[in-house]
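User: I should like to learn how to read salt bridges and pockets in a structural model. Could you take me through an example?

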Amino acid sequence: MIGGHLNWRNPGMGLFGAFGGAALPTYHDNDEDGRAVGYVVGGEAQAYLSNFTLYGQAGFGDIDVDDGGSRPKSDEGFVQGWFGGGEVRYFLRENVMLNANLAYGKSSDYDGNDAGYIWNWGAGLKIRITNSMPIYATADYRGGNYNDDNGSGDEITEHVALLGLSFAFGTNSLMQNDRHGATLKLPMLPVRAAAWQEALD
């Protein structure tokens, strides 16, 4: 997904803004003829409370699965749905951050005419690993549950573990970057839900 954010921020209090993004046609189903295309729009806010950051998002998305060929666009994926979620970040020290997040979404036509209910959750740790340069190691877990709600028991749960490195430009610590830097995220829930829809069929 490619998109952006527009916001007002007071580093001593919090942030208010809006986001928007477009899902690129990069997902292919098992027959290599399906792709997820669409958009998300919504609002977001952050509150800075001592060592805590509270981050919330809510919006609307339409990420259909399209065959990319001569067949008409299908009513499958995260079709005309809403979503919301939140994240809590806690700074043990200036350069050690814990986070936890939870998100929920509902699509009107997730699998044909059946509605879809989606949960995503996760937790992570981020820590500075060098004194000379602002390089950070990350360890994250994310999970999800995708249900087409047609009474047939079609349901998928995913569990993903992620390890990585990141570099912060223009700030001296994780906490300073959180209050002054680029720490906003585009919601991935609709795109991930659309990608899993094919597996539910």
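Analyst: Let us begin with one pair of side chains in this predicted model. Arg 89 and Glu 87 form a salt bridge, with their closest N and O atoms 2.7 Å apart. Both Arg 89 and Glu 87 are buried.

User: How does one decide that such a pair is a salt bridge, and how many salt bridges does the count come to by this rule?

Analyst: A side-chain nitrogen of Lys or Arg has to lie within 4 Å of a carboxyl oxygen of Asp or Glu. By this rule the count comes to four salt bridges.

User: With which Lys does Glu 87 form a salt bridge?

Analyst: Glu 87 forms a salt bridge with Lys 185, the closest N and O atoms being 3.0 Å apart. This pair links distant parts of the chain, since Glu 87 belongs to strand 5 while Lys 185 lies in the loop between helix 1 and helix 2, 98 residues apart.

User: Why does Glu 87 count as buried, and why does Lys 185 count as partly exposed?

Analyst: The cut-off for buried is under 20% relative accessible area, and partly exposed runs from there up to 50%. Glu 87 counts as buried because its relative accessibility is 8%. Lys 185, at 41%, therefore counts as partly exposed.

User: Which residue meets Arg 179 in a salt bridge?

Analyst: The side chain of Arg 179 meets that of Asp 178, with 3.0 Å from N to O. Arg 179 is buried because its relative accessible area is 9%, and Asp 178 counts as buried because its relative accessibility is 1%. Salt bridges that share partners join Glu 87, Arg 89, Asp 178, Arg 179 and Lys 185 into one network.

User: Let us turn to pockets. How is empty space found, and what volume does the largest pocket have?

Analyst: Rolling a probe the size of a water molecule over the atoms shows where empty space is left. Here the largest pocket has a volume of about 1200 Å³. It is lined by 43 residues, of which Glu 87, Arg 89, Asn 99, Asn 101 and Lys 185 are the closest to its centre.

User: Which element gives the most to the lining of the largest pocket, and how do the residues of that lining divide?

Analyst: Strand 5 gives the most, with seven residues. Among the other elements that each supply at least two residues are strand 4 (52–66), strand 6 (96–111), helix 1 (174–180) and helix 2 (189–200). The lining residues divide into 22 nonpolar, 13 polar and eight charged.

Technical notes:
Residues numbered from 1 in each chain as written. Predicted model: local features only at pLDDT ≥ 70, side-chain atom pairs only at ≥ 80, totals over all residues. Heavy atoms only, no water. 1 Å grid on protein atoms, 1.4 Å probe; cavity = no way out; pocket = protein on both sides within 12 Å on 5 of 7 lines; lining within 4 Å. Points joined across faces, edges and corners; volume = space filled by probe spheres on them. Helix = DSSP H or I, 4+ residues; strand = E, 2+ residues; numbered from the N terminus. Nonpolar A, V, L, I, M, F, W, Y, C, P; charged D, E, K, R; others polar. Buried < 20%, exposed > 50% of the residue type's maximum accessible area, 1.4 Å probe, protein only.
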